[in-house]
Amino acid sequence: MGSIQITLPDGSVQEVPQGTTPADIARKISPRLADAALVARVSDPAAGNGASAAGKPDSSISGNAATDTTDGYDGSSAGELIDLRRPLDHNVKLQILTERDPDSLYVFRHSAAHLLAAAVMELYPNVKLGIGPPIDTGFFYEFLREQPFTTEDLEKIEKKMHELAAQDLPNERKLVPKPEAVELYRKSDQIFKCELVEEKATDPMVSFYATGKFIDFCRGPHIPSTRRIQAFKLMSVAGAYWKGREGNPQLQRIYAACFFTQKELDAYLHRLEEAKRRDHRKLGAELDLFSIEDEAGPGLIFWHPKGGLIRTIVEDWLRAELFKRGYDIVYTPHIMRRELWNTSGHTGFYKDNMFGPVEVEKADYQLKPMNCPGHILIYKSKLRSYRDLPVRLAELGTVYRYERSGVLHGLLRVRGFTQDDAHIFCMPSQIESEVEACIDFAFAVMKNFGFEQFEVELSDWDESHPENYAGKPEDWHRATAALAETMTRIKVPFKRIAGEAAFYGPKIDVKLIDAIGRSWQLTTVQFDFNLPARFKLEYVGEDGGRHQPLMVHRALLGSVERFFGILVEHYAGAFPLWLAPVQVQVCPVSEKVIDYAKHVTETLRRHGTRVHLDERNEKLPAKIRDAQLQKIPYMLVVGGKEAEAGTVSVRHRSKGDLGPKPLAEFLASLQTEIETRAIA
Ligand SMILES: [Zn+2]
Ligand SMILES: [Zn+2]
């Protein structure tokens, strides 16, 4: 046997006998590495850094719907992932992966999926196996079984998995000739596996993995053995058609959460609990903020007085900012001739998202899915000169979009919503300052509402295919440079994604990170090189000639409904004082002090506080408990002592008892907290 050269990440080269495994090399480097190693990545030594020996990972594997795939994992970075025990037979670049490499987590989860299948086969030998890929927070495996898996079944399976894990069973790769593999599955009546081997196996030899008694058709790779798989939890069972195709047999998918460590698993489970506690649909009902009424239809939001009040405050703040920042506020109709939507192109590329046309006097009208054409008509209503530009038209514009009932979700996915929309028409020389102003506005919005963390993505075109895009290359370059330079100047890191832009222009998306670390898409600043051409927009330039203006769509909150949903979840319903629908609850301890309680209430109300007097004939603890449940920021307890001294006993929903204060002093501190829009 000859020798081969192994190039390590530090650039050093090792000459080793052919057939040496990554595990051997890990041992040579250090026992610690050998112990921590999970899988190896190999790539072509001739290729430069970042070159890929294997294809990109199947998106259906890292995503949630692996339906038409075998269940291996190639890894997201350059190179191919292989087992540590796989003999190396040619010169390669080699990297030993430990828990520190994100790709190894997918391999780990995939091995855990095999462990699940092994446990299920041991407990229920007649089950037929589907596929079992890793997913974002764990893995699933699908099974055909007559009876549904119950919670007790899941407990049993989990226990069996721990048992098998503790046996430290190796995951062994075996190559079997394809006909033999088909026969093996035919004999054991594993119909789905049989189908997979016939469809997927392209080589004469088919790879299998054995974990104890369990074997699975799988391209791998896997971690060396089961012992490390400890931090997992079987979460749920869901029905799924084989290969995701309706009409195919329905399998049961067992979903599991899975992490390297118990600590990570616990943190994930805690986050899930928190998300449940903060669910805006639950809080929306408990705090009486909004509802969706069956009689009216799905995806349509009714804002109740308390929700409506918060919305008014949000919108008033926004309108004041718009005027300060040189926008004009406009209103446009909710329904317009369908021809207009032909001109804009929406009846073509946006057709699936629109409600059907409405016929009026033999003409078709269209409920608007977007505000852009309306603003364009206002722009076009008179001849614009370069002196008029930029024109910034803003509207809290309500739009209607057809979303399938299956995807509707509280305030987050709806059929009617209001965008804080604006369209900026400007000259090329104004791009930089307009982009900067948009971004500045976006960050002011987030700061104001108490969001401090963001992620920014710049979607650029695929420069090698200009024919797929509207607009001139110089427009694309200038707009993209303006977006990138602005982000750099204001020191906000961003991710640039080539080829992700819509055909009509580059854009920046800002995602905020909420109180429990979830990210939400919010702001979009989007160039449009298409609509100005379709609507033949123009302005008279300094040279007296006609020119086409540039157009930018931008929404900061996105949808007011969705933003409100995010606010509810971010604050878990405990809105900061300036947004709280009821800011102060006055709680008299008895009937005897009702006059003083009324005096306190009236004084606060006269000074613009949103105050409520709890006049119910309830004991004080009940009054406090109810105010706490309503997440009212301040409770003022008044009894005989307070009435005599002209004070109030202040209680804060999260800080607890703050002691007695003269009424005037409390009022002054309240006003400061409101005016500064403190996020407490
Ligand atoms: Zn597998
Ligand atoms: Zn628009």
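**View 1. Surroundings of Arg311 in the predicted model.** In this predicted model, Arg311 touches Trp303, Thr418, Val560 and Glu561 when residues up to four places away in sequence are left out of the count. Arg311 itself belongs to helix α10, which covers residues 305–324. With one of these neighbours, Thr418, the contact is polar: the side chains of Arg311 and Thr418 are joined at 3.1 Å. Because its relative accessible area is 18%, and the cut-off for buried is under 20%, Arg311 is classed as buried.

**View 2. Protein donors of the zinc ion (ligand 2).** Three residues supply protein donor atoms to the zinc ion (ligand 2), namely Cys372 through SG, His423 through NE2 and His553 through ND1, and these atoms lie 2.0 to 2.3 Å from the ion. Along the chain, the donors of the zinc ion (ligand 2) follow the spacing C-x50-H-x129-H. His423 is placed in strand β22 (residues 416–426) and His553 in strand β29 (residues 550–559), so this pair of histidines ties together parts of the chain that are 130 residues apart in sequence. Both histidines are buried, His423 with a relative accessible area of 0% and His553 with one of 13%.

**View 3. The aromatic pair of Tyr634 and Phe666.** The model holds 28 aromatic pairs. One of them is formed by Tyr634 and Phe666, whose ring centres are 5.5 Å apart and whose planes meet at 80°, an arrangement that counts as edge-to-face. The pair links distant parts of the chain, since Tyr634 is found in strand β32 (residues 634–638) and Phe666 in helix α21 (residues 663–675), with their positions 32 residues apart in the numbering. Each partner counts as buried, Tyr634 at 8% relative accessibility and Phe666 at 1%.

**View 4. The aromatic cluster that includes Trp578, with Arg677 over one ring.** Trp317, Phe449, Phe451, Phe563 and Trp578 are linked into a cluster by ring pairs. For Trp578, a member of this cluster, there is also a charged neighbour, as the charged end of Arg677 sits over the Trp578 ring at 5.6 Å from its centre.

**View 5. Arg145 over the ring of Phe149.** In this further example of a charge placed over a ring, Arg145 lies over the face of Phe149, at a distance of 4.8 Å from the ring centre.

Key. Residues numbered from 1 in each chain as written. Chains lettered and ligands numbered in written order. Predicted model: local features only at pLDDT ≥ 70, side-chain atom pairs only at ≥ 80, totals over all residues. Heavy atoms only, no water. Phe/Tyr/Trp six-rings, centres within 6.5 Å; stacked < 30°, edge-to-face > 60°. Helix = DSSP H or I, 4+ residues; strand = E, 2+ residues; numbered from the N terminus. Buried < 20%, exposed > 50% of the residue type's maximum accessible area, 1.4 Å probe, protein only. Lys NZ or Arg CZ within 6 Å of the ring centre and 35° of its normal. Polar contact = N/O pair within 3.5 Å; in protein donor to acceptor, adjacent residues only side chain to side chain. Contact = heavy atoms within 4.5 Å. Donors = N, O, S within 2.8 Å, 3.2 Å for Na, K, Ca; no water.
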